[in-house]
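User: I would like a close look at a single part of this model. Please take one helix and go through what surrounds it.

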Amino acid sequence: MATTGLPESISSDLSRVTQSLQMLAPRWNVWVLMTLAEKPLRYREIRSALPWLPDSQLHPKLGKLADAGLVERSEFESRTVLYGLSVRGRELLPVLGEIATWGGKHLEKDMVLDPVSGNRVPKAVPRAQNIEDTIALIAPRQATPILWALRIRGVSSAKALAATAMPERHLTNVYPPLNRLAEDFLVTKDRQGNAELTAAGRDLAPVYQALSAWAAGRPLTQATRHPVWAPQAARPLASPAMWATTQPRTPAVPTTPVRAATWKPGDLFSHTAPARPAGAAPTAGRTR
């Protein structure tokens, strides 16, 4: 467990959340999980749903998700093998829903021309991409500890923030992750270098509440009781709520609004994924 200056109970909670994010962070993990959200599938059905993933990537990814306890592999006498979400994996779906909701609200989207109205509208994005893009922001090392420390401290100097989030590391180590969070509009800094969460950063509360409850094996109905991310009184906006996405987007047609509690057919993609050669998949990764 990473050492922080937070109370032991909060540090343990933070450690479980960061480990959960690291488990979800590898590229395409979320897409695989959401492909299996409706029902167990044969391997060829998963490969058909994710045509850009070659066997050399898909097969080991399923194995790693099974090792993590999120996917189950069932083999039947007819030599039929099905991959489906485990109980733990199914319990994760509402958490992914909270992450998708945040991404749908705060991720910047390209504007496209609506062929019906002729107006420019935000380009629709597959929900799995919203989730993956959001996780890409908060999963990097020290990102979540800094966000939690700012939630607790409010406005904070870099020195005080480092003492809370990474007390065993040199002060200068706080600047790269803090600057990255500022570039992503999750944190804002004043002229003196003091930092605080933006509106988008504070809106991560439901995400962290759900991740914390899931990681600890608690019912999500108790999520709002979180000692750090419980509801707070409204505060003025620290910066514009919209922030620039860190990842290119996959073209899609409009989808219905995200609902955290359930996933229905079509939630993974906003349209049927076209067959693409490996390497021509929806792109991801920082583009700054």
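Analyst: A packing angle is taken between axes, which are lines fitted to C-alpha atoms, for helices over the stretch in contact; it runs from 0 to 180 degrees between N-to-C directions. The model is a predicted one, and the part chosen here is helix 11.

First, the setting. The chain has 288 residues, of which 46% count as buried, and it contains 11 helices and 7 strands. Its exposed area is about 14,100 Å², and carbon and sulfur atoms supply 54% of that area. Of the contacts between residues at least 6 apart in sequence, 69% join residues at least 24 apart.

Helix 11 covers residues 205-216. At 1.5 Å a residue, its 12 residues should span 16 Å, and its end C-alpha atoms are indeed 16 Å apart, so the two values agree. Just after the helix comes Gly217, with a positive phi of about 75 degrees.

Helix 11 is mostly covered, with 10 of its 12 residues buried. Buried here means under 20% relative accessible area. The buried residues are Ala205, Val207, Tyr208, Gln209, Ala210, Leu211, Ser212, Ala213, Trp214 and Ala215. Their cover includes helix 1, helix 5, helix 6, helix 7 and helix 10. Two of these partners, helix 1 and helix 5, can be described in detail.

Take helix 1 to begin with. Helix 1 and helix 11 pack with their axes 9 Å apart, at an angle of about 95 degrees. An angle from 65 to 115 degrees counts as roughly perpendicular, and the two helices are therefore roughly perpendicular to each other. On the side of helix 1, the contact is made by Asp13, Arg16, Val17, Ser20, Leu21 and Met23. On the side of helix 11, Tyr208, Leu211, Ser212, Trp214, Ala215 and Ala216 take part. By class, this contact of helix 1 with helix 11 has 8 nonpolar, 2 polar and 2 charged residues.

Helix 1 itself runs over residues 8-24; at 1.5 Å a residue, its 17 residues should span 24 Å, and the end C-alpha atoms are 25 Å apart, which agrees. Its buried residues are Ile10, Ser11, Asp13, Leu14, Ser15, Val17, Ser20, Leu21 and Leu24. Besides helix 11, these residues pack against helix 2, helix 5, helix 6 and helix 7. In the segment before helix 1 lies Pro7, which counts as partly exposed because its relative accessibility is 47%. The C-alpha atom of Pro7 is 9.9 Å from that of Thr164, although the two are 157 residues apart along the chain.

Now helix 5, residues 87-106: it packs with helix 11 at an angle of about 170 degrees, and the axes are 9 Å apart. That angle makes helix 5 roughly antiparallel to helix 11. From helix 5 the contact uses Arg88, Glu91, Leu92, Val95, Glu98, Ile99 and Trp102. They meet Pro206, Val207, Ala210, Leu211, Trp214 and Ala215 of helix 11. The contact of helix 5 with helix 11 contains 10 nonpolar and 3 charged residues, and no polar ones.

Put together, Leu211, Trp214 and Ala215 of helix 11 appear in the contact with helix 1 and also in the contact with helix 5. Each of these three residues is buried.

Technical notes. Residues are numbered from 1 along each chain as its sequence is written. This is a predicted model: local features need pLDDT of at least 70, side-chain atom pairs count only at pLDDT 80 or more; totals for chains, interfaces and linings use all residues. Side-chain values use heavy atoms; hydrogens and water are left out. Helices (H or I, at least four residues) and strands (E, at least two) are DSSP runs, numbered from the N terminus. Angles under 35 degrees count as roughly parallel, over 145 as roughly antiparallel, 65 to 115 as roughly perpendicular and the rest as oblique. Contact means heavy atoms within 4.5 Å. Ala, Val, Leu, Ile, Met, Phe, Trp, Tyr, Cys and Pro count as nonpolar, Asp, Glu, Lys and Arg as charged, and the others, Gly among them, as polar. The expected span of a helix is 1.5 Å times one less than its number of residues. Buried means under 20% relative accessible area, exposed over 50%, partly exposed in between (1.4 Å probe, protein chains only). Accessible areas come from the Shrake-Rupley method with a 1.4 Å probe; for residues, only the protein chains shown count as cover.
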